[in-house]
Amino acid sequence: MRSPSIFAWVGCRAFLILFGVLLVSAPTLSAFEASSTPSKAKAANSWTVVWQPVRVTNGSPVVLRVTSPTPLQSLSGKWLAHDVFFSSEQGGKLWYGIAGASLETRPGLYALELKGVTANGQELSFQKQLSVGKGKYHSILASVPKQYTEPNIEQLHKIDQDKALKEHAFSQMTSTRQWDGDFLPPVKAQVSDVFGTSRTFNGRVQSVHQGLDYAVPEGTPVAALNGGTVVLAQPLFFEGNFVVLDHGQGLLTMYMHLSKIEVKEGDRIARGQTVGLSGGTGRATGPHLHIAVRWQGVYLNPETLLSLQLP
C-alpha cells in the first residue's frame with residue numbers, strides 16, 4: 001500500500017500541469033526565474049503564477065492566479081499594455097484576475113508585470129513571461145440586407161449615435177470583481193459560428209466575427225454567463241436588441257439580436273438570470289443568438305472563457 005504522501009504529491013503535480021503553473025521556487029528554473037531567485041533561502045518566499053488556459057493563443061481570455069510571497073493589501077498588473085485587476089482570497093496571499101490577448105497579438109513571449117503593496121506600505125514587484133501562440137480561424141461568405149452594407153445618411157446617423165452609446169457603456173466597466181465561479185453557456189444549443197471567423201458580406205464588406213453564435217429559434221430565453229451589472233440595454237442598428245453586462249475586472253459580456261430585452265440598465269444580474277429572448281434583430285442572417293466577450297477594449301473568444309474552471 002502506497003503512503004498518503006505519494007498520492008498527495010501525484011495529485012498536486014497533476015493539478016499544476018493541468019493549469020500551466022510556473023513556480024519560481026521549483027527545482028527546474030528558466031534563466032529568467034533563476035536570476036530572480038538567486039538563493040534557496042529566497043526561493044521559500046517566492047511568487048507563484050498559474051493561468052488558464054494552459055496554451056494561450058491570440059484571441060484567448062486568460063485567468064490568472066497569483067500567490068504572493070507575503071500577504072498584500074493590493075495587487076495590480078499589466079500585460080500587453082493593458083491593466084490587469086486582481087481580487088484577493090486567503091488573507092491577501094492568493095489573487096485572481098482576468099486578462100486577454102487580442103486577435104492581432106503576434107505569437108511570442110509577453111511580460112506580465114505585477115506590483116503589490118503590503119499592509120505596512122512595502123512595495124513588491126515581479127515579472128513573468130507568458131507565451132502567446134497562433135489560433136486557427138477560418139473564413140465564410142454571408143448575405144444580409146443591403147442597408148447593413150450600404151447604409152443611407154439617416155442610417156449612418158443612427159450608427160454614429162449607437163457608437164456613442166456603446167463607448168459610454170464600455171467606459172463604465174469596473175475594476176472590482178463581480179463574476180463568481182465558472183462562466184456558463186447562455187443557452188443549451190449547438191454553436192453555429194465560432195469566434196475569429198473572417199466574413200465577407202454581400203461579396204464586398206469584410207469583417208471578423210468577434211463572438212459566438214448559437215442556433216436557437218426566436219423567443220429562446222438567454223441567460224447571463226455570470227453575475228454582473230447591466231450597463232446597456234437598448235436596440236442598436238447592427239446589434240439589434242442589445243444587452244451588455246459588466247462582470248468587473250474590465251470584463252464585459254454582450255448579448256445581441258434579441259427579440260426582447262428583459263432587463264434594464266443598472267440592474268444587478270445573477271449568473272443564469274434571463275437577460276432577454278433570442279431573435280434576429282439588427283444585422284443578422286436569421287434568428288440566432290450572438291454573444292461576445294470584451295476585456296479592456298479587446299474582444300476575446302467566448303468559447304474559451306466558457307471552458308475554464310474558475311473559483
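**Exercise 1. Identify the hairpin that E5 and E6 form, and state which residue in its turn has a positive phi.**

Solution. Strands E5 and E6 form a hairpin with 4 residues between them. In this turn, Gln90 has a positive phi of about 55°. The model under study is a predicted one. The next step is to examine the pairing: E5 and strand E6, residues 94-100, run antiparallel and are joined by 4 bridges. As an example of a bridge, Glu89 has Leu94 in E6 as its partner.

**Exercise 2. Describe how strand E4 pairs with strand E5, and what the turn of their hairpin contains.**

Solution. Begin with the strand limits: E4 covers residues 74-79 and E5 covers residues 82-89. The two pair in the antiparallel sense over 4 bridges. Within this pairing, Gly77 stands opposite Val84 in E5. Finally, consider the turn: the hairpin of E4 and E5 has 2 residues between the strands, and Leu80 takes a positive phi near 55°.

**Exercise 3. Determine the order of the strands in the open sheet that contains E14, E18 and E20, and name its edge strands.**

Solution. The open sheet consists of 3 strands in the order E14-E20-E18, with antiparallel pairing. Its edge strands are E14 (221-223) and E18 (260-261), since each pairs on one side only. For the pairing of E18 with strand E20, residues 274-277, there are 2 bridges in the antiparallel sense. One residue pair can be named here: Lys260 has Leu277 in E20 as its bridge partner.

**Exercise 4. State how many residues the largest nonpolar core has, and list the residues that Leu114 touches.**

Solution. The largest nonpolar core has 52 residues. Those with the most contacts inside this core are Leu64, Trp79, Leu114, Tyr255 and Val275. Leaving aside residues up to four places away in sequence, Leu114 touches Trp47, Val49, Val66, Leu75, Ser76, Gly77, Phe86, Leu124, Ser125 and Phe126. Another core, of 14 residues, lies apart from the largest one; its members include Phe242, Met254, Met256 and Ala292. As a general principle, nonpolar side chains in soluble globular proteins tend to be buried together.

**Exercise 5. Locate Thr197, decide whether Thr197 is buried or exposed, and find the backbone oxygen that its side chain reaches.**

Solution. Thr197 lies in the loop between strand E10 (191-193) and strand E11 (198-201). Its relative accessible area is 0%. Because the cut-off for a buried residue is under 20%, Thr197 is classed as buried. The last step concerns the side chain of Thr197, which reaches the backbone oxygen of Val194 at 3.2 Å.

Terms used
Residues are numbered from 1 along each chain as its sequence is written. This is a predicted model: local features need pLDDT of at least 70, side-chain atom pairs count only at pLDDT 80 or more; totals for chains, interfaces and linings use all residues. Side-chain values use heavy atoms; hydrogens and water are left out. Two strands pair if DSSP finds at least two bridges between them. A nonpolar core is a set of buried Ala, Val, Leu, Ile, Met, Phe, Trp, Tyr and Cys residues joined through side-chain atoms within 4.5 Å. Buried means under 20% relative accessible area, exposed over 50%, partly exposed in between (1.4 Å probe, protein chains only). Contact means heavy atoms within 4.5 Å. A polar contact is a pair of N or O atoms within 3.5 Å; within protein, one must be able to donate a hydrogen and the other to accept it, and residues adjacent in sequence count only if both atoms are side-chain atoms.
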